[in-house]
Amino acid sequence: SFDFRNKKKYGWRENHETVLVNGKEHDSTEYSNGYYSGVSARESCFCCPYKTVNLPGNITLGDAWGIEKEDGDFNDNRGVSLVLLQDEKGEELFEKSKQSLIYRKVNIENYNKQKTFHEPYKRPDNKDAFWSTYYEHSYQKAYSRFLRVPLKTKVLRKLKKLLLRG
């Protein structure tokens with residue numbers, strides 16, 4: 001099995017995936033490093049026509065990034081979904097299901113500022129080089145060359161977290 005973001009162990013803010021192979025868990029950040037860097041994204045992600053809050057369909061689901069600013073008590077560090085009701089049918093469907101949900105109404109303007117609503121992802125400059133290295137050599141070589149987070153950066157991130165908590 002593959003858990004893209006292991007919320008039980010690490011919470012929502014940490015990008016650790018857990019892979020279960022033959023009954024043994026392996027924790028990593030390799031997949032998420034590739035995902036968030038954009039090297040593993042499809043080409044269509046860089047010219048996506050659906051970068052707007054007014055989407056076709058009845059309901060749009062997404063991540064409620066920034067929920068801690070909007071409603072800190074609702075943030076459980078396990079992830080909160082943003083549900084956009086696009087039309088009357090979406091409202092009707094939500095009404096039918098809301099008794100089984102824990103939800104709060106929020107101001108869309110607090111989420112509408114996010115770039116992901118309005119702009120396609122920027123194509124990484126190193127995407128072609130990553131895949132060229134992958135096919136010519138190996139995944140390990142491509143990862144080490146283009147995605148591995150330097151130790152100095154890891155240490156600085158840990159220190160920042162510790163300082164923010166204390």
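N33 counts as buried, with a relative accessibility of 19%. The cut-off for buried is under 20%, so N33 falls inside that class at 19%. This is a predicted model, and the accessibilities I quote are computed from it.

Where does N33 lie? N33 is in helix α2. Which residues is N33 in contact with, once neighbours within four places in sequence are set aside? They are Y143, L147 and V149.

Staying with helix α2, which covers residues 30–37, I move to the surface. F2, Y31, Y35, Y36 and W65 make a nonpolar surface patch of about 530 Å². Helix α2 contributes the most to that patch, with 3 residues. Take Y36, which has its place in helix α2. Is Y36 buried or exposed? Y36 is partly exposed, because its relative accessibility is 41% and partly exposed is the class between 20% and 50%. So helix α2 holds N33, which is buried, and also Y36, which is partly exposed and belongs to the nonpolar patch.

Next, the charged pairs. Side chains of opposite charge can pair when their charged atoms come close. How many salt bridges does a search of the whole structure find? The search gives 8 salt bridges. I will go through three of them.

The side chains of K9 and D27 form a salt bridge, at 2.7 Å from N to O. This pair links distant parts of the chain, since K9 sits in helix α1, residues 7–10, and D27 in strand β3, residues 24–28, with the two positions 18 residues apart in numbering. K9 has a relative accessible area of 46% and is partly exposed. D27 is partly exposed too, at 33%.

The side chains of K96 and E92 also meet in a salt bridge, with an N to O distance of 3.6 Å. Here both residues lie in helix α4, residues 88–97, and they are 4 residues apart, about one turn of the helix. K96 counts as exposed because its relative accessibility is 56%, and the cut-off for exposed is over 50%. E92 has a relative accessible area of 39%, so E92 is partly exposed.

The third pair is R123 and D128, whose side chains meet in a salt bridge at 2.8 Å, N to O. R123 is partly exposed, with a relative accessible area of 28%, whereas D128 counts as exposed at 52%. Salt bridges can also share partners: K9, E25 and D27 are joined into one network in that way.

D128 brings me to helix α7, residues 127–136. Which residues of helix α7 are buried? They are K127, F130 and T133. Why do these residues count as being on the same side of α7? They cover an arc of only 135° around the axis, which puts them on the same side of the helix. The other side of α7 has D128, Y135 and E136 exposed. D128 is therefore an exposed residue of α7 at 52% relative accessibility, and its side chain is the one that meets R123 in the salt bridge.

What covers the buried residues of α7? The cover includes α8, residues 139–146.

To recap: N33 in helix α2 is in contact with Y143, L147 and V149, the nonpolar patch takes 3 residues from helix α2, and helix α7 has its buried residues on the same side, with D128, Y135 and E136 exposed on the other.

Note on methods. Residues numbered from 1 in each chain as written. Predicted model: local features only at pLDDT ≥ 70, side-chain atom pairs only at ≥ 80, totals over all residues. Heavy atoms only, no water. Patch = residues over 30% accessible without salt bridge, like charges linked within 9 Å, V, L, I, M, F, W, Y side chains within 5 Å. Areas by Shrake-Rupley, 256 points an atom, 1.4 Å probe, with all protein chains shown as cover. Salt bridge = Lys/Arg side-chain N within 4 Å of Asp/Glu carboxyl O. Buried < 20%, exposed > 50% of the residue type's maximum accessible area, 1.4 Å probe, protein only. Contact = heavy atoms within 4.5 Å. Arc of directions from axis to C-beta.
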